[in-house]
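Okay, thanks for coming, everyone. I'll put the structure up first, and then we'll walk through it together.

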2 protein chains.
Amino acid sequence: MARTRGSHSDITGPRVERAALRLFAKHGYAAVSMRQIATEVGVQAGALYNYTPDKQMLLVSLMKTHMQDLLAAYEAWPKPVDPLGRLEAFTRFHLSFNSERPEAVFISYMELRNLTPEHFNEIAALRSRYERALVEILEDGVQDGIFQLEDARVTAFAIIGMLTQVNTWFREDGRLSRADVEALYWTMVQRLVSA
Amino acid sequence: MARTRGSHSDITGPRVERAALRLFAKHGYAAVSMRQIATEVGVQAGALYNYTPDKQMLLVSLMKTHMQDLLAAYEAWPKPVDPLGRLEAFTRFHLSFNSERPEAVFISYMELRNLTPEHFNEIAALRSRYERALVEILEDGVQDGIFQLEDARVTAFAIIGMLTQVNTWFREDGRLSRADVEALYWTMVQRLVSA
DNA sequence: GCTTGATCTGAACGGGTGTTCATATCATCC
DNA sequence: GGATGATATGAACACCCGTTCAGATCAAGC
């Protein structure tokens, strides 16, 4: 036995990524073995090394892809020009984007400590570009006199913190729909910056 | 060689806990070996089993202790009777308590997935007792007509989310002092519930 | 249909894992 | 100062780890 029938990198590659994503999110990077990932893919452990140089890069690749997707999707998201409209767009985008990929969000936050300093800095830079976008919205709103707040950076952290926290409790079949949650949080974000 | 000079469980026990806390927080539960913990304590791996039945219980014990300390400290915290005063007390307590034990806070949130279902439920029950305290403050304030909010449970999550997030960016030698941060967040919490 | 390169297997590598236990030494109390 | 229990060692257990690689089999293009 060697190459198996039907095998193709276009199929196996994405399956490796999805299996790693799921298992890393569920058990943590360090707790997951290459053999577990391989089993989930339906392949032997050695075959994984056709798709990643090593385990570390598998994690880095997942995190980097997620952060780049986040930035790209945010740039493509429709945004009004006025600060209030942009703040609403940011709020709804964040909730929507994060709710669709809870595993990647979880990993990108949890597994930072398993990165080498260079990889960590790379991911942190992408993250702070995103945070910076929110800070700018807040500063613009203050300058226009429509937002009132003491510290734009701290307020930005507070907003992101409370929005990201949603993933820890939201359930599809729960008391509230996604639309309910979006509406509630948009109201709260408005309160946080209201003049 | 066997028992070493000066050895005593009153000394070694706490050192085992502190070493485990520090290493679990830094590298993650699964990534830390019993031999690493033992090295940090200055002892051989076998000696750790005088202080914990196994590695899992070492984690559970740390998390349970943290959650119980949290609840006990909150109950002992001075609390006014009016909802606004209680909300301020909760806000300042949470920031103060969490800032003093960032490692335990981190572990208690991050390593939930490494618990067996029974231990998970135990920790989750303690956590929800704490959350419930905030929900009650909010509900009382609404009833008294001094708070305005749409959903007490979601607002409670939002408040806890934004307060807990502080630990991810606050630095002792940063731009803002602890008192600055407390003041900023108390202002924001007030905005979140203001009538 | 043959060739070529992509894809996977299966075994092996050195080393690390959590845990147990017989044994030795120390601290403590009579 | 001798007896007793608490405390640690160090070796061993069976097993799992990430990674490598020669060789086998398949897919794809000529």
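So, how many residues surround DNA strand D, and which are the closest? The count is 31, and the closest are A2(A), Y49(A), S9(B), Q44(B) and Y51(B). Near, for a residue, says that one of its heavy atoms lies within 4 Å of the molecule or strand.

Quick housekeeping before I go on. This is a predicted model, where local features need pLDDT of at least 70 and side-chain atom pairs count only at pLDDT 80 or more, while totals for chains, interfaces and linings use all residues. Residues are numbered from 1 along each chain as its sequence is written, chains are lettered from A and ligands numbered from 1 in the order in which they are written, and side-chain values use heavy atoms, with hydrogens and water left out.

Back to DNA strand D. Of its atoms within 4 Å of the protein, 64% belong to sugar or phosphate, and the rest to bases. I'll mention some polar contacts, and by that I mean a pair of N or O atoms within 3.5 Å; within protein, one must be able to donate a hydrogen and the other to accept it, and residues adjacent in sequence count only if both atoms are side-chain atoms. On the base side, an N or O atom in the side chain of R3(A) is 3.2 Å from a base oxygen of DNA strand D. On the phosphate side, a backbone N or O atom of G6(A) lies 2.8 Å from a phosphate oxygen of strand D, and a polar backbone atom of K55(A) is 2.9 Å from a phosphate oxygen of that strand. Two elements give two or more residues to the surface near DNA strand D: helix 2 (34-41) of chain A and helix 1 of chain B. Helices here are DSSP runs of H or I with at least four residues, strands are E runs of at least two, and both are numbered from the N terminus.

By class, that surface has 11 nonpolar, 13 polar and 7 charged residues. Nonpolar covers Ala, Val, Leu, Ile, Met, Phe, Trp, Tyr, Cys and Pro; charged is Asp, Glu, Lys and Arg; the others, Gly among them, are polar.

Now for DNA strand C. It is surrounded by 30 residues, and the closest are S9(A), Q44(A), Y51(A), A2(B) and Y49(B). Here 66% of the strand's atoms within 4 Å of the protein belong to sugar or phosphate, and the rest to bases. What do the bases see? The side chain of R3(B) has an N or O atom 3.1 Å from a base oxygen of DNA strand C, and R35(B) places a polar side-chain atom 2.8 Å from a base nitrogen of strand C. At the phosphates, a backbone N or O atom of K55(B) lies 2.9 Å from a phosphate oxygen of strand C. Helix 1 (9-27) of chain A and helix 2 of chain B are the elements that give two or more residues to the surface near this strand. The class split there is 10 nonpolar, 13 polar and 7 charged.

Next, helix packing, starting in chain B. The axes of helix 1 (residues 9-27) and helix 2 (residues 34-41) of chain B come within 9 Å and cross at roughly 125°. Axes are lines fitted to C-alpha atoms, for helices over the stretch in contact, and angles run from 0 to 180 degrees between N-to-C directions. That angle makes helix 1 of chain B oblique to helix 2 of chain B; under 35 degrees counts as roughly parallel, over 145 as roughly antiparallel, 65 to 115 as roughly perpendicular, and the rest as oblique. The residues of this contact divide into 7 nonpolar, 2 polar and 3 charged.

Over to chain A, which has 9 helices and 0 strands. L21(A) sits in helix 1 of chain A. Its C-alpha is 7.8 Å from that of I107(A), though the two are 86 residues apart along the chain. Leaving aside neighbours within four places in sequence, L21(A) is in contact (heavy atoms within 4.5 Å) with L62(A), E103(A), A104(A) and I107(A).

Finally, between the chains, helix 9 (residues 178-193) of chain A packs with helix 8 (residues 178-193) of chain B at about 130°, with axes 8 Å apart. The contact is made by M188(A), R191(A) and L192(A) on one side, and M188(B), R191(B) and L192(B) on the other. That gives 4 nonpolar, no polar and 2 charged residues.
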